[in-house]
Amino acid sequence: MDRRESLRLLATLPLLTCVKPVSDAAVVKGQATASKKQAAPEFFTEHEWATVTLLSDLIIPADDRSGSASDAGVPAFIDFMMIDQPELQLPMRGGLAWLDAYSRKVAGGVFVGLSPEDQKRVLDDVAWPEEMATLDVLPGVVFFSRFRDMVATGFWTSRIGVEDLQYMGNVYVQEWTGCPQEVLDHLGVS
């Protein structure tokens, strides 16, 4: 890495760190938007949309218990968050551009065009920062960490995600008979 590239990477780091946490109200609004099957994104370009959808599904793929992140409407949730919180737009666009640039450098093409093996290799460089992150991937580490958090928020606040957690709250109980005696005995309380 030459000096110019190092300075460029260091200059982008503050842009990636200016993302604020997602508020509870924004999550509720975003999930309402995501549940309305969005035909086209409002914020993302077609290429960015494909990248966000693929990346979301690589983070939370479908399994035998539930659907994938895109099945849960996570890309639409993220698109909504970009419109609702404009300060997220620059770090998101910058992170997606960084991902494609790094993919070209490492594997010779944009992220969505890579083989699954090459996609895994690229993500392994940014997904486990305590194990192998180097200065040249630091912007990608910051982006991926925040993106992964947004995917998790979108997924586990969706209907599919709540079902995946097998969450039993918010269920009407007609009659409360108290805590089962075996649990009280186990805890040593009466």
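Okay, so let's start with a lining: the residues around the largest pocket divide into seven nonpolar, one polar and three charged. Before I go on, keep in mind that this is a predicted model.

So how big is that largest pocket? Its volume comes to about 200 Å³. And who lines the largest pocket? Going along the chain, you meet Leu58, Ile59, Pro116, Gln119, Lys120, Leu123, Asp124, Ala127, Trp128, Phe144 and Arg148.

Which helices supply at least two residues each of that lining? Those are α3, residues 46-59, α6, residues 116-127, and α8, residues 138-156. The largest share belongs to α6, with six residues.

Okay, let's move on to a loop. If you look between α3 and α4, where α4 covers 74-84, you'll find aspartate 71. Is aspartate 71 buried or exposed, or something in between? Well, its relative accessibility is 43%, and buried means under 20% while exposed means over 50%, so aspartate 71 counts as partly exposed. Aspartate 71 also has another aspartate to compare with: aspartate 57 sits 14 residues away along the chain, and the C-alpha atoms of the two are separated by 8.7 Å.

Last stop, the surface. Here Trp156, Val162, Leu165 and Tyr167 make a nonpolar patch of about 380 Å². Let me pick out one of them, valine 162, which lies in helix α9, residues 159-165. With a relative accessible area of 31%, valine 162 is partly exposed too.

That's my tour, thanks for listening.

Conventions. Residues numbered from 1 in each chain as written. Predicted model: local features only at pLDDT ≥ 70, side-chain atom pairs only at ≥ 80, totals over all residues. Heavy atoms only, no water. 1 Å grid on protein atoms, 1.4 Å probe; cavity = no way out; pocket = protein on both sides within 12 Å on 5 of 7 lines; lining within 4 Å. Points joined across faces, edges and corners; volume = space filled by probe spheres on them. Helix = DSSP H or I, 4+ residues; strand = E, 2+ residues; numbered from the N terminus. Nonpolar A, V, L, I, M, F, W, Y, C, P; charged D, E, K, R; others polar. Buried < 20%, exposed > 50% of the residue type's maximum accessible area, 1.4 Å probe, protein only. Patch = residues over 30% accessible without salt bridge, like charges linked within 9 Å, V, L, I, M, F, W, Y side chains within 5 Å. Areas by Shrake-Rupley, 256 points an atom, 1.4 Å probe, with all protein chains shown as cover. Salt bridge = Lys/Arg side-chain N within 4 Å of Asp/Glu carboxyl O.
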